[in-house]
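Me: I have a model open and would like to know how its labels are earned. Please set each value against its cut-off.

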Amino acid sequence: MVSKTRLIVSDFIVSIIWVWNGALIKMFVFKVLQMGHDSRGEFMRQSLTVVSLFFFAFLAKVTKGASFNPLAVLSSAISGDFSQFLFTIGTRIPAQVIGSITAVRLLIDTFPEIGRGPRLNVDIHKGALTEGLLAFGVVTISLGLARKIPGSFFMKTWISSISKLSLHILGSDLTGGCMNPASVMGWAYARGDHITKEHILVYWLAPIQGALLAVWTFKLLFRPQKQDEKEKLKGKTD
């Protein structure tokens with residue numbers, strides 16, 4: 001019980017840090033360093049984003065699984081037992097959403113000029129398809145790395161960070177390339193459009209469907225590691 005409570009609190013805090021992290025990086029690059037929105041400024045911003053992803057990977061390791069993204073915890077919950085699934089849906093994801101909403105409120109109060117977050121720049125169907133495909137990609141990559149592919153913590157985090165950044169860039173002009181329903185919910189709640197059809201379909205239903213499809217596809221293509229280990233042991237005894 002204590003470990004679960006600690007995990008919920010960690011999700012809440014990490015979600016706040018994640019929202020502030022993205023906003024502060026933009027402010028540092030474009031206002032403090034006074035770089036423009038050209039290739040040089042974008043390169044600096046994305047480089048700092050990769051560094052920050054290493055920091056969040058370290059936080060996840062220290063807190064034993066804290067996450068700022070509902071897709072990450074949902075994909076692991078689907079692969080677990082039913083009690084874990086209920087725990088994730090009922091407590092962890094709401095903690096991430098509340099953390100994101102709290103972070104955006106604090107940001108807007110502290111820096112009123114910060115902006116209003118990602119917006120949909122295409123029609124609702126293209127937007128849903130984009131976020132669904134991006135979620136499918138990011139969850140598939142995460143599941144692949146979780147299978148203990150040979151490599152150090154640094155290498156795995158590097159592959160994950162570059163992959164997530166690439167997917168984000170691909171979708172940034174269309175939907176914001178969010179792949180994170182909780183953080184989008186924070187900004188949408190601040191704008192007052194968190195219960196609109198486009199927000200629910202594009203930033204919640206489509207990514208969740210993409211994540212579910214990724215988990216099921218991964219299960220079809222790759223056998224569970226425990227089953228592989230049992231077959232190897234059986235082969236040795238034979």
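Me: Why is phenylalanine 54 called buried?

Reply: Buried means under 20% relative accessible area, exposed means over 50%, and partly exposed lies in between (1.4 Å probe, protein chains only). Phenylalanine 54 has a relative accessible area of 18%, so it counts as buried. This is a predicted model, in which local features need pLDDT of at least 70 and side-chain atom pairs count only at pLDDT 80 or more, while totals for chains, interfaces and linings use all residues. Residues are numbered from 1 along each chain as its sequence is written, and side-chain values use heavy atoms, with hydrogens and water left out.

Me: What makes two rings an aromatic pair, and how many pairs are there?

Reply: Rings of Phe, Tyr and Trp (its six-membered ring) pair if their centres lie within 6.5 Å; planes under 30 degrees apart are stacked, over 60 edge-to-face, and the rest tilted. The rule gives 8 aromatic pairs. In one of them, the ring centres of tryptophan 20 and phenylalanine 111 are 6.1 Å apart and the planes are at 65 degrees, so the label is edge-to-face.

Me: How do you know that tryptophan 20 and phenylalanine 111 belong to distant parts of the chain?

Reply: They are 91 residues apart: tryptophan 20 is in helix 1 (residues 2–32), and phenylalanine 111 is in the loop between helix 4 (82–110) and helix 5 (124–146). Helices (H or I, at least four residues) and strands (E, at least two) are DSSP runs, numbered from the N terminus. Phenylalanine 111 has a relative accessible area of 21%, so it is partly exposed.

Me: Why is the pair of phenylalanine 54 and phenylalanine 154 called tilted?

Reply: The centres are 5.3 Å apart and the planes are at 35 degrees, so the pair falls under tilted. Phenylalanine 54 lies in helix 2 (residues 39–62) and phenylalanine 154 in helix 6 (residues 153–171), so this pair ties together parts 100 residues apart in sequence. Elsewhere, Trp18, Phe55, Phe56 and Phe68 form one aromatic cluster.

Me: What makes a lysine count as lying over a ring?

Reply: NZ of Lys or CZ of Arg must be within 6 Å of the ring centre and within 35 degrees of the ring normal. Lysine 4 lies over the face of phenylalanine 87, at 5.1 Å from the ring centre. Lysine 61 lies over the face of phenylalanine 153, and there the distance is 4.9 Å.

Me: Why are helix 5 and helix 6 called roughly antiparallel?

Reply: Axes are lines fitted to C-alpha atoms, for helices over the stretch in contact, and angles run from 0 to 180 degrees between N-to-C directions. Angles under 35 degrees are roughly parallel, over 145 roughly antiparallel, 65 to 115 roughly perpendicular, and the rest oblique. The axes of helix 5 and helix 6 come within 10 Å and cross at roughly 175 degrees. The two helices are therefore roughly antiparallel.

Me: Which residues meet there, and how do they divide by class?

Reply: Contact means heavy atoms within 4.5 Å. From helix 5, the residues include Leu134, Val138 and Ile141; from helix 6, they include Ile159, Ser163 and Leu167. The contact has 6 nonpolar, 6 polar and 2 charged residues. Ala, Val, Leu, Ile, Met, Phe, Trp, Tyr, Cys and Pro count as nonpolar, Asp, Glu, Lys and Arg as charged, and the others, Gly among them, as polar.

Me: What makes helix 3 roughly antiparallel to helix 4?

Reply: The axes of helix 3 (residues 70–79) and helix 4 come within 9 Å and cross at roughly 175 degrees. That angle makes the two helices roughly antiparallel. Leu74 in helix 3 and Phe85 in helix 4 are among the residues that meet, and the contact divides into 8 nonpolar, 4 polar and 1 charged.

Me: Why does leucine 74 count as buried?

Reply: Leucine 74 has 6% relative accessibility, so it counts as buried. Leaving aside neighbours within four places in sequence, leucine 74 is in contact with Phe85, Thr88, Ile89 and Ile208.

Me: Is glutamine 34 buried or exposed?

Reply: Glutamine 34 has a relative accessible area of 67%, so it is exposed. Glutamine 34 lies in the loop between helix 1 and helix 2, and its phi is near 55 degrees, a positive value in a residue other than glycine.

Me: And methionine 179, buried or exposed?

Reply: Its relative accessible area is 6%, so methionine 179 is buried. Methionine 179 is in the loop between helix 6 and helix 7 (181–191), with phi near 55 degrees, again a positive value in a residue other than glycine.
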